[in-house]
Every structure is written in structure tokens, then in C-alpha cells.
Amino acid sequence: MGRKLDSLPQAEREKIETDLLALSVIYNERYGITTPDGPNAEEQVPDYLRPYFHLRLNYYRNA
């Protein structure tokens, strides 16, 4: 049984993974959880998705 995300195109999966990464960064900020990859989270995002990553960070910070 495959997951629904497996059938999505690669670009769409990367966008979802970027959104989840932004959400996890904000979650950790709010609860004061330190993670080894926290400051380096942006480096995990492909270059073309960095503006989207920053938009999602701002969205979750203001939510």
C-alpha cells in the first residue's frame, strides 16, 4: 500500500517537505526546543524553494 504523496510529482513533494520543515522550525522556536539542524534548516531547502520557505516561516510565526 503506497502513500498518497508517492504519486505526486517530485516538485510538489519538495514543496510539501519545505512546508513541513518550516512548520517544525516554528514549532521548535515556540517551545524552546533546540535541535542540531535548527540554524541550518534553510540549507536543507532547494534554492528555488527558499522564498517559499521564508513565506511559510512568516505565515507560521504570525499564526
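## Close-up views of a two-helix model

**Figure 1. Helix H1 has the length expected of its residue count.** At 1.5 Å a residue, the 21 residues of H1 should span 30 Å, and its end C-alpha atoms are indeed 30 Å apart, which agrees. Please keep in mind throughout that this is a predicted model. Which residues of H1 are buried? They are Glu14, Thr18, Asp19, Leu21, Ala22, Val25, Ile26 and Asn28. The buried residues of H1 pack against H2. Just after the helix comes Gly32, with a positive phi near 65°.

**Figure 2. The whole protein, for orientation.** The protein has 2 helices and 0 strands. Its C-alpha trace spans about 35 × 25 × 25 Å along the principal axes. Of its 63 residues, 24% count as buried. If we take the contacts between residues at least 6 apart in sequence, 64% of them join residues at least 24 apart.

**Figure 3. Helix H2 turns its buried residues to one side.** H2 covers residues 50-62, and its 13 residues should span 18 Å at 1.5 Å a residue; the end C-alpha atoms are 18 Å apart, in agreement. Here the buried residues are Phe53, Arg56, Leu57 and Tyr60. They cover an arc of only 105° around the axis, which puts them on the same side of H2. What do these buried residues pack against? Their partner is helix H1, residues 10-30. On the face turned away from the buried side, you will find the exposed residues Pro51, Leu55 and Asn62.

**Figure 4. H1 and H2 cross obliquely.** Two packed helices are described by the angle between their axes and by the distance between those axes. For H1 and H2, the angle is about 40° and the axes lie 9 Å apart. The two helices are therefore oblique to each other. Is their crossing left-handed or right-handed? The crossing of H1 and H2 is right-handed. On the H1 side, the contact is made by Lys15, Thr18, Asp19, Leu21, Ala22, Leu23, Val25, Ile26, Glu29 and Arg30. H2 contributes Tyr52, Phe53, Arg56, Leu57, Tyr60 and Arg61.

**Figure 5. Thr18 of H1 and its surroundings.** With 3% relative accessibility, Thr18 counts as buried. Which residues does Thr18 contact, leaving aside neighbours within four places in sequence? The answer is Val45, Pro46, Leu49, Tyr52 and Phe53. Two of the names in this view, Tyr52 and Phe53, also appear among the H2 residues that make the contact with H1.

**Figure 6. Leu21, a buried residue of H1.** Leu21 has a relative accessible area of 14%, so it falls in the buried class. Setting aside residues up to four places away in sequence, Leu21 touches Ala41, Gln44, Val45 and Phe53. Phe53 belongs to the buried set of H2. For a sense of distance, look at His54 as well: Leu21 and His54 are 33 residues apart along the chain, and their C-alpha atoms are separated by 11 Å.

**Figure 7. Tyr60 in helix H2.** Tyr60 is buried, with a relative accessible area of 14%. Beyond residues up to four places away in sequence, Tyr60 touches Asp19, Ala22, Leu23, Ile26 and Arg30. These five names can also be found on the H1 side of the contact between the helices. Tyr60 and Ser24 are 36 residues apart in sequence, while their C-alpha atoms are 9.8 Å apart in space.

**Figure 8. Asn28 and Glu12, two further residues of H1.** Is Asn28 buried or exposed? Its relative accessibility is 16%, under the 20% cut-off, so Asn28 counts as buried. Not counting residues up to four places away in sequence, Asn28 touches Ile33 and Thr35. Glu12, in turn, has a relative accessible area of 39% and is therefore partly exposed. Thr35 offers a reference point for Glu12 too: the two are 23 residues apart in sequence and 26 Å apart in space, C-alpha to C-alpha.

Key: Residues numbered from 1 in each chain as written. Predicted model: local features only at pLDDT ≥ 70, side-chain atom pairs only at ≥ 80, totals over all residues. Heavy atoms only, no water. Helix = DSSP H or I, 4+ residues; strand = E, 2+ residues; numbered from the N terminus. Expected span 1.5 Å × (residues − 1). Buried < 20%, exposed > 50% of the residue type's maximum accessible area, 1.4 Å probe, protein only. Arc of directions from axis to C-beta. Contact = heavy atoms within 4.5 Å. Axes fitted to C-alpha atoms, helices over the stretch in contact; angles between N-to-C directions. Parallel < 35°, antiparallel > 145°, perpendicular 65-115°, else oblique. Left-handed = near helix turned anticlockwise from the far one by under 90°.
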